[in-house]
Amino acid sequence: MVLAVRTIAIGVLFGAMGVAQNAGTPTLPQGLQVDVKALMVRGTEAYNAGNNDLAAKIFRQAAEAGDVEAMMYLGVMYGTARGVARNYGASLNWFLKAAEAGNGQAMCNVGILYFQGVGVPKNYVESVRWFIKSAVTGNTEAMFNVGVMLRDGLGVPMNYHEALKWFLKADAGDSAATNAIGVMYQEGKGVDRDYAEAMTWYQKAANAGNATAMYNIGVLYEDGFGVAMDTEKAVEWYKKAAAGNSDDAKAALKSLEAKK
């Protein structure tokens, strides 16, 4: 079976709005703080209720008054066509404004846009630069992404040892990094091949709900890597991963079913 290795983390750009790390919100002019706080309450209520048109209008008012969280919401909404027409250029602009205010997640999202080549020409070197800036703020998603770029030689020379260091930095806050460490041990990249150590990292990531790691545990059991070959346990883990929406696990279950 083929290991599943997660690539760049998509983060808040195409997902639900999360709590920004190291927001660095600038000081607002006296008298505006209360008004902006009220706007953000109304905006988030509208956003959570699915009233996207209203939410976008409110967030724009708050963002123009200097609220960094509102800038992040607008960046996400333009990137996902939620309440506004999809516009990656506008998404980038709002993330850049938030990044200039010190928002680590915004910096990571700018790196993702450069990585994917949406709103800007694809540029891995620029992508790495933004991921590193974000990682310095403590953003574990960005740390994981730096590791991926080093592991795959994207925008930087391939370096498994350095990639592993970044995955270890991200491990505490990103189960994708935890899984990636397991893959490094299983494939012997940057470390000696060690299936038992790989299993330890996969188990840790799986306990955190990572479906990719659950699939990888299934692979170890199906192929008998570091453990006794056990198809029943492999199926058990593939089912857990499939429930977490792992396409690799779904394909593995179909393959095993066809062999019966």
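**Exercise 1.** In this predicted model, determine which parts of the chain are linked by the salt bridge between K204 and D171, and how accessible each partner is.

*Solution.* Begin with the contact itself: the side chains of K204 and D171 form a salt bridge, with an N to O distance of 2.7 Å. Next, place the partners along the chain: K204 belongs to helix 10 (residues 195-207), whereas D171 lies in the loop between helix 8 (160-170) and helix 9 (175-187), so that the pair, 33 residues apart, links distant parts of the chain. Finally, consider accessibility: K204 is partly exposed at 40% relative accessibility, while D171, at 12%, falls under the 20% limit and is therefore buried.

**Exercise 2.** Classify the partners of the salt bridge between R151 and D152 as buried, partly exposed or exposed.

*Solution.* The side chains of R151 and D152 meet at 2.9 Å, N to O. R151 has a relative accessible area of 7% and is buried, whereas D152, at 30%, counts as partly exposed.

**Exercise 3.** Work out how the buried and exposed residues of helix 13 are arranged around its axis, and what covers the buried ones.

*Solution.* Helix 13 (residues 247-259) reaches 19 Å from its first C-alpha to its last, close to the expected 18 Å. Its buried residues are A249, A252 and L256; because they cover an arc of only 60° around the axis, they lie on the same side of helix 13. This fits the general pattern, in which an α-helix has 3.6 residues a turn, so residues three or four places apart point the same way. On the other side of helix 13, D247, K254 and A258 are exposed. The cover over the buried residues includes helix 11 (211-223) and helix 12 (231-243).

How values were computed: Residues numbered from 1 in each chain as written. Predicted model: local features only at pLDDT ≥ 70, side-chain atom pairs only at ≥ 80, totals over all residues. Heavy atoms only, no water. Helix = DSSP H or I, 4+ residues; strand = E, 2+ residues; numbered from the N terminus. Expected span 1.5 Å × (residues − 1). Buried < 20%, exposed > 50% of the residue type's maximum accessible area, 1.4 Å probe, protein only. Arc of directions from axis to C-beta. Contact = heavy atoms within 4.5 Å. Salt bridge = Lys/Arg side-chain N within 4 Å of Asp/Glu carboxyl O.
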